[in-house]
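This report describes the structure shown below for a reader who meets it here for the first time. The account begins with the secondary structure and then turns to overall form, surface and charge.

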Amino acid sequence: MVEFETTDPAMRGEMTITYRLADADGGTDVFAVHDGLPRGVPLADNEASWRSSLAKLAGLVESG
């Protein structure tokens, strides 16, 4: 479970992030599901955050 530390009631609530890894040709597929996103988080911001986080993960993995 994950929660934002905030005083904004629109940003409160427990979120669950589930990751699943699967073998793929030449690497690994990463599947991530975000459940319970607070209503105050714009979907575009959440998607941008996911893209950024996954790009950072790829950079770490690819640099060895």
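In this predicted model, the secondary structure of the protein consists of one helix and two strands. Read from the N terminus, the elements follow the order β-β-α.

The helix, α1, covers residues 43-63 and has 21 residues. From its first C-alpha to its last, α1 reaches 30 Å, which is close to the 30 Å expected at 1.5 Å a residue. After α1 comes Gly 64, which has a positive phi near 80°. In general, an α-helix has 3.6 residues a turn, so residues three or four places apart point the same way.

As to overall form, the C-alpha trace of the protein spans about 45 × 20 × 20 Å along its principal axes. The radius of gyration of the protein is 14 Å, whereas a compact globule of 64 residues would have one near 11 Å. Of the contacts in the protein with a separation of 6 or more, 23% are between residues 24 or more positions apart.

The table gathers values for burial and surface.

| Property of the protein | Value |
|---|---|
| Share of buried residues among the 64 residues | 11% |
| Exposed area | about 5200 Å² |
| Share of the exposed area supplied by carbon and sulfur atoms | 53% |

Charge completes the description. The protein carries 5 positive and 11 negative charges. The mean positions of the positive and the negative charges lie 7 Å apart.

Conventions:
Residues numbered from 1 in each chain as written. Predicted model: local features only at pLDDT ≥ 70, side-chain atom pairs only at ≥ 80, totals over all residues. Heavy atoms only, no water. Helix = DSSP H or I, 4+ residues; strand = E, 2+ residues; numbered from the N terminus. Rg over C-alpha atoms; globule rule 2.2 N^0.38 Å. Buried < 20%, exposed > 50% of the residue type's maximum accessible area, 1.4 Å probe, protein only. Contact = heavy atoms within 4.5 Å. Areas by Shrake-Rupley, 256 points an atom, 1.4 Å probe, with all protein chains shown as cover. Lys, Arg positive; Asp, Glu negative; His and termini not counted. Charge placed at Lys NZ, Arg CZ, Asp CG, Glu CD. Expected span 1.5 Å × (residues − 1).
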